[in-house]
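Biologist: I should like to learn how to read the boundary between two domains and the surroundings of a ligand. May we work through one example?

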Amino acid sequence: MSENLKILFMSSEVHPLAKTGGLADVSMALPKALRRQGHDVRIAMPCYKTIDRSKFDVQYVTDFPLKTNNFTHTCVIRKTEINCQPAKKRAKTPVKLPIYLIDSYEYFDREGLYNDAAGDYIDNARRFGYFCRAALEMLHKIDFEPDVIHLNDWQTAISSLLIKRVYNDDKIFKNAASVFTIHNLQYQGVFDMQALVDLDLTWQYYSPEYLEYYGKINLMKAGIIFSDVINTVSETYASEIQNGSLGMGLEGLLSTKKNDLYAITNGIDYDEWNPETDPNIAENYCVKTYAQKKIACKRDLQKACNLPQKDVPIIGMVSRLADQKGLDIIERAMPELMKLDVQFVLLGTGEQRYIEMLYHFLKLYPEKCAFFLKFDAFVASKIYAGSDFFLMPSKFEPCGTSQLISLKYGTIPIVRATGGLADTISAFDTRTQQGNGFSFADYNETTLLKCIEHALVIYQNKQMWNVLVKNAMQCDFSWEASADKYVALYHKAMQKHKLKY
Ligand code: ADP
């Protein structure tokens, strides 16, 4: 178990280079934790136009011709390295984590990662198919023969089919076991059947046992079918996706794979998310000093929001504006919520109808709400530190990282008990004084409001509130334990791979 592994980690977004959500956080924090343990991890991601090449000192590595659909691209590989030494040990020799960037003017020289204002890019199958082929073929050029190829979500899923069926004679993949992690089953990479041509795959894959899906093709299916093992990011979500609505049409396939379906709860990177060191907040604090110092962060947030600077509980949210995040029940709860003595602050980007909803509420309650409709890490930190509560009433949530960040900042999560929220947030029990937040089960505005009202009662009881904040801040969701579980999963995948080949 202690042997160091060679791991290729493929992801479509990696913090801090490119990020739309929690996948980017995981795609930096997990490889970093593995690298610190001594494993030879290399990340591969697309070289998006928006990546700041001078800030990350991006260097040219090599280029090679890549032939797909009778068309030959010149594939350019670039590289950057991230120092993954823990913050407190930075003075010692750096431990570097290489990130290989797959460049293509045609596919990645765009403002968005997956979409723009007009919607998803129509050539997404082609874009990410190219990324997968290029990342796999790059291994010859960098002379890296991985023990494990770790794939993440639909954008990388086709790689497992390529390894098993297209590059099956290539000796660089002989010992490469594949692990496919489902971070969110809602996004499956479903395209018209024509995408098979874009992916340069034969029509044999247009069949229900492979990629066919209600007359279209589904790339996530490739990851599930062809990978040696699959996992998702919390125990509860792993069982939720095997039945009912959360299987999103793949529940049948996933339950046939249940012996190869594992669950590992995400952590967060406390070098990135730590109120003791966060440069974006008004005062740094820890569990010993929050009672004196967090108030400065609250006043700073109120000032940034143009809200009255008074001692009223602030409910914060940092979220994609998407159905998944429970915005419809917030909409219905809002008139009652605004009757309570609270302020509500939200940072988010996403669907137009929710943007309009927020503008509508801003007009109605300018003294009590503030909304930032952009993607902004600076404002996010201010909300995590300056709020009293963090709201996450998700319809479903594979794991969620925001509630873990808010725990660390002593900002108490109010969550719907689903997926990873159910596994990481335990309701505060006034009798035992155990628990790190508040949660409700039924997905509707009445239970949401009841839960918020109960939370506000505890907020008024300063003795209990202090216990709760301490419980929250002392939770340990660091990546170390989860990284060990991934190593065990990699070994399982390697055993399975050996048995098959
Ligand atoms: P998801 O991946 O479903 O969007 P998570 O809770 O797993 O949700 O991760 C969200 C991550 O993205 C967190 O790190 C959160 O702080 C960040 N985030 C979301 N929206 C924004 C935004 N508008 N500005 C800055 N950070 C954001």
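Modeller: We shall take the domains, their interface, the ligand and the salt bridges in turn. This is a predicted model, in which local features need pLDDT of at least 70 and side-chain atom pairs count only at pLDDT 80 or more, while totals for chains, interfaces and linings use all residues. Residues are numbered from 1 along each chain as its sequence is written, and side-chain values use heavy atoms, with hydrogens and water left out.

Biologist: Which domains does the assignment give?

Modeller: Domain bounds come from an automatic or database domain assignment. Here domain 1 comprises 6-267 + 480-500, and domain 2 comprises 290-477. Their centres, taken over C-alpha atoms, are separated by 32 Å.

Biologist: What area is buried between domain 1 and domain 2?

Modeller: The size of an interface is often given as the accessible area lost when the parts come together. With a 1.4 Å probe and the loss summed over both parts, domain 1 and domain 2 bury about 1,400 Å², and carbon and sulfur atoms give 60% of that area. On the side of domain 1, T236, N266 and G267 supply 24% of the area buried against domain 2, more than any other three residues.

Biologist: How many residues are in contact, and how many pairs are polar?

Modeller: Counting contact as heavy atoms within 4.5 Å, 19 residues of domain 1 meet 16 residues of domain 2. Eight residue pairs, both members at pLDDT 80 or more, are in polar contact across the interface. A polar contact is a pair of N or O atoms within 3.5 Å; within protein, one must be able to donate a hydrogen and the other to accept it, and residues adjacent in sequence count only if both atoms are side-chain atoms.

Biologist: Which residues surround the ligand most closely?

Modeller: A residue is near a molecule if one of its heavy atoms lies within 4 Å of it. The ligand has 22 residues around it, the closest being G22, D25, R320, K374 and Y384. The side chain of D25 places an N or O atom 2.7 Å from a ligand oxygen, and the side chain of Y384 does so at 2.7 Å. For the side chain of K19, the corresponding distance is 2.9 Å.

Biologist: How many salt bridges are counted?

Modeller: The rule requires a side-chain nitrogen of Lys or Arg within 4 Å of a carboxyl oxygen of Asp or Glu. The count is 25, yet between domain 1 and domain 2 it is zero. One salt bridge joins the side chains of E111 and K49 (3.0 Å, N to O).

Note on methods:
Buried area is the accessible area (1.4 Å probe) that two parts lose on being put together, summed over both.
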